[in-house]
Structures are given as structure tokens and as C-alpha cells.
Amino acid sequence: MQDEITKHTKKIYDAVKSSNHSAGDKVKEVIIEIFIIVFAVTLSIWLHSWSEKRHDEKEVTEFLKGLKNDLNKDKVILEENKKTISRVDSNFKVLLKYDKGEKDKLNLEIDIPVTRLNIGRYEGFKSSGKIGNIENESLKQNILTFYEQALSNLSYNENFVNSWQLKILDFEIDRNEKQSMEDLLSTNKMKSLLRIGGHNLEISIEMYADAIKQADKIIAQIDKEMAD
């Protein structure tokens, strides 16, 4: 392109300097050469922009295909952790409602879920500044909301619930060997811990369910985007 511009610029110079052409002819030649230069530059810019757009679209397509696979795997993890916390919630509700003297066998169920999702692809695409290349604004916003808000809130709540469970476990481990589980449950400290946990366990279950729902929505949007 640079060679073409140089060539036509030289023609303009030669036309202006030529003594074999009238002023009118010189003007015509200059206008023609300028038009050719402008057209060539405009075409070059358009082709470059078109090529970049095609490249960006291809990258977005590959990203979304990979993200769909990541989300399907993440849903399995979220479902398992939701079931885990649901079991813990059921167990602690039984313990909280227990009245001393009941004959039901008491079990203290501690289960520490850790949600490690496949976020590498998203983080890489985001850090490269390419998230903005997703033209579907609704899809882009849902992806950002899922990874930046839903998972962040879920992780915070999960850490709290796990820390709370470990406190109860420590309390149970440190109890006097002669102290029965029934006696332990009747202490004010254990009752307070169970009440605090009950509320947060329910929130945690809702957060897992919401994250799964958001993942499903993104997957559906990706499928629609690929089909269009």
C-alpha cells in the first residue's frame, strides 16, 4: 500500500511539473491521482477492519464454545455441593430441634464443600480485553454477572459456612469425654452456633441453585447464538 501511494504521489508531482500539459489537464490528472490514493487508502482500511472483525468473531465463537463446556462441567460441581450443603442443613435442623430426652440417635454431620470451577478460560479472555467483542449485550452481561458476582458471593458464603462447620467440629472434638452429644447440644454455645448456621445454610443452598440457573441461561444463550 505504501508503494502504491508513493507511486501515485509521484505521478501528481510529475503532472504538476510537466510542461507538456495544459493547466486544465494538470488539474484533471491531479484529481484522478488523488481519487485513486483516497480510494486505495479507504479500501485498505475497510479490508483491514473487515479482517479484524472476522478474526474477533472467530475468537468469540471459540470462546463461547469452550465456555459452554466449562459451564456444563461447573454445573456438576455446583449440583454436588448443593446436595452436600442440603444434607448438612437437614442434619443441623434436626440437631437444633432436638429436645433432651429424645431417643433418636444423634449424628453430627460435617461436610466441607469447595467450589473450584473452570474459570481459566473466562479469566484469560477477560484479561486480554476481548470480552467487549461479544456483540450480544445480554449474553455478555450474563457472563460477567455469573463470574464476577454470583461466584464471588457464593465463594464468600461458602467460606463462612465451612468456617462455621469447623468451629462446631472443634467444639465437638474438645468436649469432655463424659459429656454426651445431648449435653453438648443443650449448651448455649452450641445452640447459638446451630441457629447462626441454619440461616446461612439456607442462603448457601439458594446461591448454588441461583448459580446453576444462571449457568443454564448462559448455555441456552450460547446455543441460540451458535444457531443464528
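Along the sequence, the predicted model follows the pattern α-α-α-α-α-α, with six helices and zero strands in the protein. Of the 228 residues, 32% are buried. Among contacts with a separation of 6 or more, 78% are accounted for by residues 24 or more positions apart. The exposed area of the protein is about 14500 Å², of which carbon and sulfur atoms supply 53%.

A nonpolar patch on the surface is formed by I112, V114 and L166, which together have about 220 Å² of accessible area. L166 belongs to helix α4, which spans residues 137-173. The relative accessibility of L166 is 41%, and this residue therefore counts as partly exposed, a class that lies between the limits of 20% for buried and 50% for exposed residues.

The count of salt bridges comes to ten. One of these joins the side chains of R87 and D111, with an N to O distance of 3.7 Å. The pair links distant parts of the chain, 24 residues apart: R87 is located in helix α2 (residues 23-97), whereas D111 is located in the loop between α2 and α3 (120-127). Both partners fall into the intermediate accessibility class. R87 counts as partly exposed because its relative accessibility is 41%, and D111 likewise counts as partly exposed, at 26%.

K126 takes part in a salt bridge with E123, in which the closest N and O atoms are 3.4 Å apart. These two residues both lie in helix α3 and are separated by three residues, about one turn of the helix. K126 has a relative accessible area of 32% and is therefore partly exposed. E123 also counts as partly exposed, at 32% relative accessibility.

K126 forms a salt bridge with E148 as well, and here the closest N and O atoms are 3.0 Å apart. Because K126 lies in helix α3 and E148 in helix α4, this pair ties together parts that are 22 residues apart in sequence. E148 has a relative accessibility of 35% and so counts as partly exposed. K126 thus has E123 as a partner within helix α3 and E148 as a partner in helix α4. Elsewhere, D89, K93 and E202 are linked in a network of salt bridges.

The second largest pocket has a volume of about 160 Å³. Its lining consists of T115, R116, L117, I119, E123, Y147, L151, L154 and S155. Helix α4 gives the most to this lining, with four residues. E123 appears among the lining residues of the pocket and is also the residue that forms a salt bridge with K126. Helix α4, in turn, contributes to the pocket lining, contains L166 of the nonpolar patch, and holds E148, the partner of K126 in helix α3.

Technical notes
Residues numbered from 1 in each chain as written. Predicted model: local features only at pLDDT ≥ 70, side-chain atom pairs only at ≥ 80, totals over all residues. Heavy atoms only, no water. Buried < 20%, exposed > 50% of the residue type's maximum accessible area, 1.4 Å probe, protein only. Contact = heavy atoms within 4.5 Å. Areas by Shrake-Rupley, 256 points an atom, 1.4 Å probe, with all protein chains shown as cover. Patch = residues over 30% accessible without salt bridge, like charges linked within 9 Å, V, L, I, M, F, W, Y side chains within 5 Å. Salt bridge = Lys/Arg side-chain N within 4 Å of Asp/Glu carboxyl O. 1 Å grid on protein atoms, 1.4 Å probe; cavity = no way out; pocket = protein on both sides within 12 Å on 5 of 7 lines; lining within 4 Å. Points joined across faces, edges and corners; volume = space filled by probe spheres on them.
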